[in-house]
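Q: I'd like a close look at a single part of this molecule. Could you walk me through one helix and its surroundings?

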Amino acid sequence: MLKNCDECNRVFSHPTRVLCQECYDQALRSYGAVRDYLKANPGATVAEVAKDTDTTVEVIYEYIRQGRLDVVPKDARLYCAICGTSIDKGKVCASCRNDLRNTMTQEASKPEGKSKSSLRVHTAEHIRKQR
Ligand SMILES: [Zn+2]
Ligand SMILES: [Zn+2]
């Protein structure tokens, strides 16, 4: 199957990858460089890592979000997208993730027609009392 590389838009063929061979190799090299740099310099900041490994701050945050770095830059901060509390990886904190899960199961188990029919009964009673 032919597709366009996410990075350079060149057409290439691979069943699962979104990057062509060249960009994939480059991404692997960047990741290796960032990881090795942080192992050697555990106190480095995100900006320092980006500069010295020839990557970008965005790329480094992406690694952190994916939990791919054993050592994270000392000033790296991820925040929950919902409540804003600081987190180690991912996009939302553990408690918001729980809330989200609960909300979704509640929505799913709520019988669809029930609230509508009880509303109708209520309205009918209301009308009766009015008369
Ligand atoms: Zn490419
Ligand atoms: Zn949260």
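Which residues are exposed on the other side of α1?

A: Happy to. On that other side of α1, the exposed residues are Asp25, Leu28, Gly32, Asp36, Lys39 and Ala40. A residue is called exposed if 12 or fewer other C-beta atoms lie within 10 Å of its own, buried if 20 or more do, and partly exposed in between, with C-beta atoms placed from the backbone.

Before going further, a word on the source: this is a predicted model, in which local features need pLDDT of at least 70 and side-chain atom pairs count only at pLDDT 80 or more, while totals for chains, interfaces and linings use all residues. Residues are numbered from 1 along each chain as its sequence is written, and chains are lettered from A and ligands numbered from 1 in the order in which they are written.

The pLDDT is the predictor's confidence in each residue, from 0 to 100. Its average over the chain is 87, and 83% of the residues score at least 70. Confidence is highest in α2, with a mean of 97, and lowest in helix α5 (residues 114-130), with a mean of 58.

Now the setting. The chain has 5 helices and 4 strands, and from the N terminus they follow the order β-β-α-α-α-β-β-α-α. Helices (H or I, at least four residues) and strands (E, at least two) are DSSP runs, numbered from the N terminus. Of the 131 residues in the chain, 11% are buried.

Back to α1. Its 20 residues should span 28 Å at 1.5 Å a residue, and the C-alpha atoms at its ends are indeed 28 Å apart. The expected span is 1.5 Å times one less than the number of residues. The buried residues of α1 are Val34, Tyr37 and Leu38. Seen down the helix axis, these buried residues fall within an arc of 95°, so they line one face of α1. That arc is taken from the directions from the helix axis to the C-beta atoms. An α-helix has 3.6 residues a turn, so residues three or four places apart point the same way.

What does the buried face of α1 meet? Its buried residues pack against α2 and α3. Seen from the partner helix, the buried residues of α2 are Val49, Ala50 and Thr53. They cover an arc of only 100° around the axis, which puts them on the same side of α2. These α2 residues pack against α1 and α3.

The three helices come together in the largest nonpolar core, 8 residues made up of Val34, Tyr37, Leu38, Ala44, Val49, Ala50, Ile60 and Tyr63. At least two of its residues come from each of α1 (21-40), α2 (46-53) and α3 (57-65), and α1 gives the largest share, 3 residues. A nonpolar core here is a set of buried Ala, Val, Leu, Ile, Met, Phe, Trp, Tyr and Cys residues joined through C-beta atoms within 7 Å. For a view from inside, take Val49: leaving aside neighbours within four places in sequence, Val49 is in contact with Val34, Tyr37, Leu38, Ala44, Ile60 and Pro73. Two residues are in contact if their C-beta atoms, placed from the backbone, lie within 7 Å.

Another residue of α1 to look at is Tyr31. Tyr31 is partly exposed, with 19 C-beta neighbours inside 10 Å. Setting aside neighbours within four places in sequence, Tyr31 is in contact with Tyr63 and Arg68. Tyr31 and Arg68 are 37 residues apart in sequence, yet their C-alpha atoms are 8.9 Å apart in space.

Ser30 gives another link across the sequence: Ser30 and Thr56 are 26 residues apart in the chain and 9.7 Å apart in space, C-alpha to C-alpha. Thr56 sits in the loop between α2 and α3 and is partly exposed, with 13 other C-beta atoms within 10 Å. The loop between α2 and α3 also holds Asp54. Just after α2, Asp54 has a positive phi of about 65°, although Asp54 is not a glycine. Asp54 counts as exposed, with 10 C-beta neighbours inside 10 Å.

So, to return to your helix: Val34, Tyr37 and Leu38 are its buried residues, while Asp25, Leu28, Gly32, Asp36, Lys39 and Ala40 are exposed on the other side.
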